[in-house]
Amino acid sequence: MSIWWSLHLRREAASVPLARRLLIGTMETAGVDPDVSYDLSVALSEACANAVEHGGDTAPDGSPQAYRVTAYLDGEKCHIEVTDSGPGFIAPHRAPRPAATDAEHGRGLCLIEQLADHVQIGNKPGRGGAVVSFDKILKWREDAPLVAV
């Protein structure tokens, strides 16, 4: 069983819950364990929020530029990738340092790394922009209609 989708979203805060709801709905329909779905949806929300906040300037007409979310549920794994057209990461990315527990910013990449099994953070080759991708091994509900064989 494989499910794949990709969204091209405006860099607006309202796009974050849209991507999250689509992911949760896809995993719920497929029969993914709710705890795994929740972890992935939080990680996706953090990656999208970063793309919205840091993903580039506005277009010449004043509208926000876009970012892309791609998700694959393939066999026993979910892979998610969020790309933007911003400046990317200035220096080669290292594991993020945990932010203070009361910090309002700077915790997103740490959360993604804690919630996913494998995380890659870097820059898009050529055109610029950031890429945050992560994988998680899926667990299935017993009544899952689309469980991998």
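This briefing covers two helices, the nonpolar core and two buried polar residues of one protein. The model is predicted; its mean pLDDT is 86, and 82% of the residues reach 70 or more. Among the elements, β3 has the highest mean pLDDT, 97, and helix α3 (residues 108-115) the lowest, 92. Where pLDDT is low, the predicted coordinates should not be read in detail.

**Helix α1**

- Helix α1 covers residues 15-30, which makes 16 residues. At 1.5 Å a residue they should span 22 Å, and the end C-alpha atoms are 23 Å apart, which agrees.
- Ser15, Val16, Ala19, Leu23, Thr26, Met27 and Ala30 are the buried residues of α1. Seen down the helix axis, the buried residues fall within an arc of 115°, so they line one face of α1.
- Arg21, Glu28 and Thr29 are exposed, and they sit on the face of α1 turned away from its buried side.
- The packing partners of the buried residues of α1 are β1 (2-10), α2 (34-54), β2 (66-74) and β3 (77-83).
- Gly31 comes just after α1 and has a positive phi of about 100°.

**Helix α2**

- At the start of α2, a side-chain oxygen of Asp33 comes to within 3.0 Å of the backbone nitrogen of Asp35.
- The 21 residues of α2 should span 30 Å at 1.5 Å a residue; the end C-alpha atoms of α2 are 30 Å apart, in agreement with this.
- The buried residues of α2 include Val36, Leu40, Leu44, Cys48 and Val52. Polar residues are on the list as well, among them Ser37, Ser41 and Ser45.
- The buried residues of α2 pack against α1, β2, β3, α3 and β5.
- Gly56 follows α2, and its phi is positive, near 130°.

**The nonpolar core**

- The largest nonpolar core contains 35 residues. Those with the most contacts inside this core are Leu40, Leu44, Tyr67, Val69, Ile80, Val82 and Phe134.
- At least two residues of this core come from each of β1, α1, α2, β2, β3, α3 and β5 (130-137). The most are given by α2, with nine residues.
- Leu44 shows how parts of the chain meet: leaving out residues up to four places away in sequence, Leu44 touches Ala19, Arg20, Leu23, Val69, Ile80, Val82 and Phe134.

**Thr70, in strand β2**

- Thr70 is found in strand β2. Its relative accessible area is 10%, below the 20% cut-off, so Thr70 is buried.
- The side chain of Thr70 makes a polar contact of 3.1 Å with the side chain of Ser6.
- Not counting neighbours within four places in sequence, Thr70 is in contact with Trp4, Trp5, Ser6, His79, Ile80 and Glu81.

**Asp84, in a loop**

- Asp84 belongs to the loop between β3 and α3. With a relative accessible area of 8%, under the 20% limit, Asp84 counts as buried.
- A polar atom of the Asp84 side chain lies 3.0 Å from the backbone nitrogen of Ala130.
- Beyond four places in sequence, Asp84 touches Ala51, Gly55, Tyr67, Lys124, Gly128, Gly129 and Ala130.
- Asp84 and Lys124 are 40 residues apart in sequence, and their C-alpha atoms are 8.6 Å apart in space.

Definitions and conventions
Residues are numbered from 1 along each chain as its sequence is written. This is a predicted model: local features need pLDDT of at least 70, side-chain atom pairs count only at pLDDT 80 or more; totals for chains, interfaces and linings use all residues. Side-chain values use heavy atoms; hydrogens and water are left out. Helices (H or I, at least four residues) and strands (E, at least two) are DSSP runs, numbered from the N terminus. The expected span of a helix is 1.5 Å times one less than its number of residues. Buried means under 20% relative accessible area, exposed over 50%, partly exposed in between (1.4 Å probe, protein chains only). The arc is that of the directions from the helix axis to the C-beta atoms. Contact means heavy atoms within 4.5 Å. pLDDT is the predictor's confidence in each residue, from 0 to 100. A nonpolar core is a set of buried Ala, Val, Leu, Ile, Met, Phe, Trp, Tyr and Cys residues joined through side-chain atoms within 4.5 Å. A polar contact is a pair of N or O atoms within 3.5 Å; within protein, one must be able to donate a hydrogen and the other to accept it, and residues adjacent in sequence count only if both atoms are side-chain atoms.
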